[in-house]
Structure formats: C-alpha cells, structure tokens
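Please look over the sequence and the model shown below before reading on. The report that follows takes a few parts in turn and describes how each is built and what surrounds it.

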Amino acid sequence: MRELFPAKQVMGYFFSLLLTVIALAVYFVDMSYQVAMTILLVTAFVQAGVQLVVFMHAGESKDKWSIYTTVYYGVFIALVTIFGSLLTLIWGY
Amino acid sequence: MKVDHSQPLEYSTEQNRLNILGFWIFLGAEIALFATLFASYFLLRNGTGSGPSDGEVFVIDTLMIQTFLLLTSSFTIGLGVHAMRLGRKTATINFFIVTLLLGLGFVGVEIYEFTQYIDEGLTLQTSGFSSALFTLLGTHGAHVTFGLFWGSFIIYQLITRGLTPETANKSFIFSLYWHFLDVVWIFIFSFVYLKGMI
C-alpha cells in the first residue's frame, strides 16, 4: 500500500494545498492591492511549476528539451497576448 | 514493434515516445488558446453595463470546493500513473476512477455556480464581462467534461486489455491533459476569482 503513495507526489500535493491557502489569504486578510497581486502572481506560477515538474514528469524523457521549448514558447505567446492586450487597450502606452 | 524494457511502458516504443511529445505540442497550443480567453476577460472585466460586477457574484465557498476537488484529482491521477509504472493494474484503475469522480464533482459545482449566476441576473448576454467570464469558465469546464468521457474510455480499455505499451501510453497522455486543466484552473482561481474579490 505504501509504495502507491510516493513521498515526492504526496509532498507535491501538500505543497500545492499550502500555495492555495496562501493565495486565499488575499481574500481573508486585509492587504493592499499591490501586495495581493504579488502574492497571487508568485503562488500561481510556483503552483504551475510544481504541476509541471512533479506531476507531469516534464523532464524525464530524452525529449525533455523539445518539451520545455514548446511549453516556454506557449507561455511566451500567452504573456505577450495578455500583457500586450492590456498595454495597448487598457493601460495605454 | 520494438519494445524497450528499460523504459516505463508508456515510453517503451518509438511511437509511444512521439505520441507523448506530440501531446506536449498540443498543450503548447492550448496554452495559447486559454491566453486569448484570459486576455479578452481582462479587457472586458470592467464592462459590466447594468449587470452585476465580478465582486458581486463571486462566492468564496464554491471556489474553495472547486479548487480542492481539482487539485486533489490532479494528485490522484499522478498516483495512478505511479501505480501504472509499478505494474499495479487494479490500483491504476482505482486511482483513475477516483480522479474522474472528483472531476465530476468539479463540473457539478461549476454547473450549480452557473445557475446561481443566472439567478442573480448574470447570463452570457448580460454584459461584456459576463460573456468573457462564461466563455473562459465554460471552455475550461468543457475541457474537464470532455476529459470525463475520454478518461472513462481509457479505464474501459485498461480493464479489457490490461497494462500494455498502448494503454499505458494513452493513460499517461490523459494524465498530462488532466494536470494541464488543473494548471489552467490555478490561473482562473487566482486571476479571475481572487483578483475579482479583493
């Protein structure tokens, strides 16, 4: 039974629950908008990293390089799309 | 078909390895898809017209339940893949079943949440905010729903065919899809719900 619950994944799960609780603090604790957004940005991206490395085994095959390239490329496109839209249409430049 | 026994089953043939790489490339495209939906949501968030705004409709209870269900399902499918690598067929199937039940719970809570929004006068046609919100949440929810059907067929194949290089490969790819949906949810949880409630 024990071998079915590897320490790495159990730790990963508790860590992701912890990150969720920290993120929830922005709702339950009074803080400024800047502090809250900083907390959310950090917890969200760390959480995504935990999923990618611990659960999705992104780095284990010999296609590791191709896999990380396609993920980073996707994330790059995502950030440009989101922040580019905000910059040109909301924040002004 | 050349089977390499030094690798886990899901990587054991050339075809399997390429299937997994191909699925990662698909996920790269999915990241771009969800990015466009997030971008339109952030642009339209303040366009509430005469309808309710984000802070008025979001509820912390359903949000916490949904997040807990999806995070846990991501954990259990990870355990499923781990059991698969140990060659434990029954344990694999059980972990996959638990995963799908948690996913079903998630979709159930999401549907309940949508009916609450509609009761409060927030429908797809209410405002720019509501249409962007429903499109983003709906696309994610539709992916989870699709995953429930996909996962059920995978479980069926695991039961009838056992752990073969083929079924192990399919199960592993399904686990990648499921973890990806959890990652998307983390961003919805942080930058749609929590950001809207502070």
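What span should the 31 residues of helix α4 of chain B have at 1.5 Å a residue, and how far apart are its end C-alpha atoms?

## Helix α4 of chain B

In this predicted model, helix α4 of chain B covers residues 89-119, and because each residue should add 1.5 Å, its 31 residues should span 45 Å, which agrees with the 45 Å that separate its end C-alpha atoms. After α4(B) comes B:Gly121, a residue whose phi is positive, near 85°.

Several residues of α4(B) are buried, among them B:Phe95, B:Phe96, B:Leu100, B:Gly103 and B:Phe106, and the buried residues also include B:Glu113 and B:Tyr117. The elements that cover the buried residues of α4(B) include α2 (54-57), α3, α5 (128-161) and α6 of chain B.

## The overall form of chain A

Chain A holds three helices and zero strands, and its pattern along the sequence reads α-α-α. Its radius of gyration is 17 Å, well over the 12 Å that the globule rule gives for 93 residues, so chain A is more spread out than a compact globule. The C-alpha trace of chain A spans about 55 × 40 × 10 Å along its principal axes, and buried residues account for 22% of the 93 residues in the chain.

Chain A is also divided into two parts, domain 1 (1-56) and domain 2 (59-93), and the centres of domain 1 and domain 2 of chain A, taken over C-alpha atoms, are separated by 21 Å.

## Helix α2 of chain A

How far should the 23 residues of α2(A) span at 1.5 Å a residue? The expected value is 33 Å, and because the end C-alpha atoms of α2(A) are 32 Å apart, the two figures agree. Just after α2(A), the residue A:His57 takes a positive phi of about 50°.

The buried residues of α2(A) include A:Ala36, A:Ile39, A:Leu40, A:Thr43, A:Gln47, A:Val50 and A:Val54. An α-helix has 3.6 residues a turn, so residues three or four places apart point the same way. What covers the buried residues of α2(A) comes from both chains, since the covering elements include α1 of chain A as well as α3 (60-85) and α6 (165-197) of chain B.

## Where chain A meets chain B

The contact between the chains involves 39 residues of chain A and 39 residues of chain B. On the side of chain A that touches chain B, α1 (7-28), α2 (33-55) and α3 (64-91) each supply at least two residues, and α3(A) gives the most, with 15 residues. By class, this side of chain A has 25 nonpolar, 12 polar and two charged residues.

## Regions listed in the UniProt record

In an unreviewed entry, UniProt lists residues 12-29, 35-58 and 70-91 of chain A under "transmembrane region". In the model, residues 35-58 of chain A are 88% helix and 0% strand, with end C-alpha atoms 31 Å apart, while residues 70-91 of chain A are 100% helix and 0% strand, with end C-alpha atoms 30 Å apart.

For chain B, the unreviewed UniProt entry gives the "transmembrane region" label to residues 21-43, 63-81, 93-112, 132-159 and 171-194. Residues 93-112 of chain B are 100% helix and 0% strand, and their end C-alpha atoms lie 29 Å apart; residues 132-159 of chain B are likewise 100% helix and 0% strand, with end C-alpha atoms that lie 41 Å apart.

Definitions and conventions
Residues are numbered from 1 along each chain as its sequence is written. Chains are lettered from A and ligands numbered from 1 in the order in which they are written. This is a predicted model: local features need pLDDT of at least 70, side-chain atom pairs count only at pLDDT 80 or more; totals for chains, interfaces and linings use all residues. Two residues are in contact if their C-beta atoms, placed from the backbone, lie within 7 Å. Helices (H or I, at least four residues) and strands (E, at least two) are DSSP runs, numbered from the N terminus. Ala, Val, Leu, Ile, Met, Phe, Trp, Tyr, Cys and Pro count as nonpolar, Asp, Glu, Lys and Arg as charged, and the others, Gly among them, as polar. The radius of gyration is taken over C-alpha atoms; the globule rule is 2.2 Å times the number of residues to the power 0.38. A residue is buried if 20 or more other C-beta atoms lie within 10 Å of its own, exposed if 12 or fewer, and partly exposed in between; C-beta atoms are placed from the backbone. Domain bounds come from an automatic or database domain assignment. The expected span of a helix is 1.5 Å times one less than its number of residues. UniProt positions are given in the numbering used here, feature names are shortened, and annotations may be inferred rather than shown by experiment.
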